[in-house]
Amino acid sequence: MKLVIEKADKKDLDELLELSDRLLRQMMEIDKEIKLIKNHGPLKRKYYLTELKNPNSVFFKAVCDGKTVGFVFGTLKEGIPILKDDDYGNLNEIYLLPEFRRKGIGHRLMKSMRQWFKKKGVKWMRLYALVKNKRAQTAYKKFGFMEFRKIMRMKV
Ligand SMILES: CC(C)(COP(=O)(O)OP(=O)(O)OC[C@H]1O[C@@H](n2cnc3c(N)ncnc32)[C@H](O)[C@@H]1OP(=O)(O)O)[C@@H](O)C(=O)NCCC(=O)NCCS
């Protein structure tokens, strides 16, 4: 198996959208509260195109024997302006096709993401995980992430 991790660009749009849709469907299976709006497809395409051109965002793709099998998508975010070193790198999405998981590819994608954020000068990277997505949390902890805040909510 020959694996390459490389930056994705506009020509990868369709493949990235396909993988991202799979991730979304998986999230919707885990959390029944996640629902899509009508016509989400064109909006998502527009959003991805914008982000592929955004110098503060990056997509890395994992290419296995010539086939794109996963990706990671991250964005630089401004922190609270009065707090020192509060800017951070946000890991928006990471996804691998099921048959390519647990082979260390997620680790390789995360490493590329981390190096990119480091070059951009932020000290920390953050992500949000669904509480119900235990598997992803196990992987994130193996990658080196630690819990540091909790999002809470109540019905209004
Ligand atoms: C999360 C994900 C990117 C991890 O990538 P991966 O290539 O499978 O991870 P790695 O092979 O680098 O594994 C790193 C460690 O994470 C843990 N891990 C990964 N997948 C796991 C799973 N399905 N169950 C339990 N632990 C898992 C393991 O401890 C693994 O180390 P080990 O195999 O030496 O025990 C991948 O599993 C994935 O795409 N999952 C579906 C999408 C998803 O949930 N994304 C996150 C949205 S918040």
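Here are a few friendly notes on this predicted model, covering its strands, one helix and the shell around the ligand.

1. Let's start with the hairpin. Strand β2 (residues 57-64) and strand β3 (residues 67-77) run antiparallel and are joined by eight bridges. Two residues separate β2 from β3 in this hairpin, and Asp-65 in the turn has a positive phi of about 45°.

2. β3 also pairs with strand β4 (residues 88-96): that pair is antiparallel too, with eight bridges. Gly-74 is a handy residue to find on screen here. Gly-74 of β3 stands opposite Val-58, and its bridge partner in β4 is Leu-91.

3. Next, have a look at helix α4 (residues 134-143). Is it mostly in the open or buried? None of its 10 residues is buried, so α4 lies largely in the open. Just after α4 comes Gly-144, with a positive phi near 120°.

4. That helix matters again when you turn to the ligand. Which element gives the most to the shell around it? The answer is α4, with five residues. At least two residues each come from α1 (13-30), β4, α3 (105-119) and α4, so to speak of β4 is to return to the strand that pairs with β3.

5. For a closer view of the ligand, 19 residues lie around it, and those that come nearest are Leu-96, Arg-101, Gly-106, His-107 and Ala-139. Sorted by class, the shell has eight nonpolar, six polar and five charged residues.

Note on methods
Residues numbered from 1 in each chain as written. Predicted model: local features only at pLDDT ≥ 70, side-chain atom pairs only at ≥ 80, totals over all residues. Pairing = 2+ DSSP bridges. Helix = DSSP H or I, 4+ residues; strand = E, 2+ residues; numbered from the N terminus. Buried ≥ 20, exposed ≤ 12 C-beta atoms within 10 Å, placed from the backbone. Near = placed C-beta within 6 Å. Nonpolar A, V, L, I, M, F, W, Y, C, P; charged D, E, K, R; others polar.
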